[in-house]
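Me: I am new to this structure and would like a close look at a single part of it. Could you walk me through one strand and what surrounds it?

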Amino acid sequence: MGLLEIFKKRPRKAGPREDLPEEVKRVVEVLRGVIDPETELDIVDEGLVYGVTVEGKKVDVFLLLARSTPECHFCQVLAINVQRKILDEVVRLLKSEGFNSVNVYNELGLLLAEG
């Protein structure tokens, strides 16, 4: 393999990794139903989901949410509204799947939403 071979894109398999527990795979598939209103992509394919833990009927979801430009107050309001829609939909879908406790955290581990 040549030096530049490592930079070639490898085909990405659709769906969760094969080595994940079944309950985590189920949550990831449910999260595919959450659409980012700005991009119209689901949050899994968009790369916003970077962690999921499942313990019985309790699920914790960790999202990587972009911050807006601090100088632009209008941008901040838009970002907050988009994030709120995403968070509300994550909680709603997972609760409808039978989870009793749903917590959504950001990349810093701060609780953003619960249900």
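Reply: Happy to! Let's begin with asparagine 103, which counts as buried because its relative accessibility is 10% (buried means under 20% relative accessible area, exposed over 50%, partly exposed in between, with a 1.4 Å probe and protein chains only). Please keep in mind that this is a predicted model, where local features need pLDDT of at least 70, side-chain atom pairs count only at pLDDT 80 or more, and totals for chains, interfaces and linings use all residues. Residues are numbered from 1 along each chain as its sequence is written, and side-chain values use heavy atoms, leaving out hydrogens and water.

Asparagine 103 belongs to strand S3, which covers residues 101–105. Helices (H or I, at least four residues) and strands (E, at least two) are DSSP runs, numbered from the N terminus. Leaving aside residues up to four places away in sequence, asparagine 103 touches Lys58, Val59, Asp60, Val61, Leu111, Ala113 and Glu114; such a contact means heavy atoms within 4.5 Å.

Now for the strands around S3. Two strands pair if DSSP finds at least two bridges between them. S3 pairs with S2 in the parallel sense over five bridges, and one of the matched pairs is lysine 58 with serine 101 in S3. With S4, S3 pairs in the antiparallel sense over three bridges; here tyrosine 105 has leucine 111 in S4 as its bridge partner.

Stepping back, the sheet is open and has four strands in the order S1-S2-S3-S4, with mixed pairing. S1 and S4 (111–114) stand at the edges with a single partner strand each, so one side of each has no neighbour in the sheet.

On the S1 side, S1 (residues 49–55) and S2 (residues 58–63) run antiparallel, joined by six bridges. Valine 54 stands opposite valine 59 in S2. The two strands form a hairpin with two residues between them, and glycine 56 in the turn has a positive phi of about 65 degrees.

Finally, S3 also takes part in the largest nonpolar core, which has 27 residues; among those that touch the most other members are Val59 and Val90. A nonpolar core is a set of buried Ala, Val, Leu, Ile, Met, Phe, Trp, Tyr and Cys residues joined through side-chain atoms within 4.5 Å. Helix H1 (22–31), S1, S2, helix H2 (73–96) and S3 each supply at least two residues of this core, and H2 gives the largest share, seven residues.
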